[in-house]
Amino acid sequence: MGYRLKKKCEKCGAYLLVMVGDDYVPGNKAREEVNCPRCGTEVYSTMTSGFLNVVEISEDEFNDEMFS
Ligand SMILES: [Zn+2]
């Protein structure tokens, strides 16, 4: 299963939702990274063969524990 996690950009303070897709090539993982859509700073990286995507969310969404 893929998963999602919330990150705050350390550089510009943007609230971000990172979505990590399922591995679709088992054993063929590579280091994937996502950058802040606002300032381009790397905010997250992981070893996966799936996709990474990132969207900016509001502060309310970021602080909402139910939003995951
Ligand atoms: Zn940023």
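These are my notes from looking through a predicted model.

**Three-stranded sheet.** I started with the strand order and got an open sheet of three strands, 1-2-5, with antiparallel pairing. Strand 1 (3-8) and strand 5 (52-57) are the edges; each has a single partner strand, so one side of each has no neighbour in the sheet. I also looked up the twist: neighbouring strands here are turned by 25° against each other on average, ignoring direction. For strands 1 and 2, I found six bridges, running antiparallel.

**Tyr15.** Next I picked a residue in strand 2 (residues 15-20), namely Tyr15. Its bridge partner is Lys8. Is Tyr15 buried, exposed or partly exposed? I get 17 other C-beta atoms within 10 Å, and buried needs 20 or more while exposed needs 12 or fewer, so Tyr15 goes down as partly exposed. Leaving out residues up to four places away in sequence, Tyr15 touches Lys8, Glu56, Ile57, Ser58, Glu59, Glu61 and Phe62. I checked Glu56 separately: Tyr15 and Glu56 are 41 residues apart in sequence, but 5.8 Å apart C-alpha to C-alpha.

**Core.** Which residues make up the largest nonpolar core? I list six: Cys9, Ala14, Leu16, Cys36, Val43 and Val54. I followed Leu16 further, and beyond four places in sequence its contacts include Cys9, Cys36, Val43 and Val54. Lys6, Lys7, Lys8, Glu56 and Ile57 are also in contact with Leu16.

**Hairpin.** Last, I went to strand 3 (residues 30-35) and strand 4 (residues 42-48), which pair antiparallel over six bridges. Val34 sits opposite Tyr44 of strand 4. The two strands form a hairpin with six residues between them, and I noted that Gly40 in the turn has a positive phi of about 85°.

Key
Residues numbered from 1 in each chain as written. Predicted model: local features only at pLDDT ≥ 70, side-chain atom pairs only at ≥ 80, totals over all residues. Core = buried A, V, L, I, M, F, W, Y, C linked by C-beta atoms within 7 Å. Contact = placed C-beta atoms within 7 Å. Pairing = 2+ DSSP bridges. Helix = DSSP H or I, 4+ residues; strand = E, 2+ residues; numbered from the N terminus. Axes fitted to C-alpha atoms, helices over the stretch in contact; angles between N-to-C directions.
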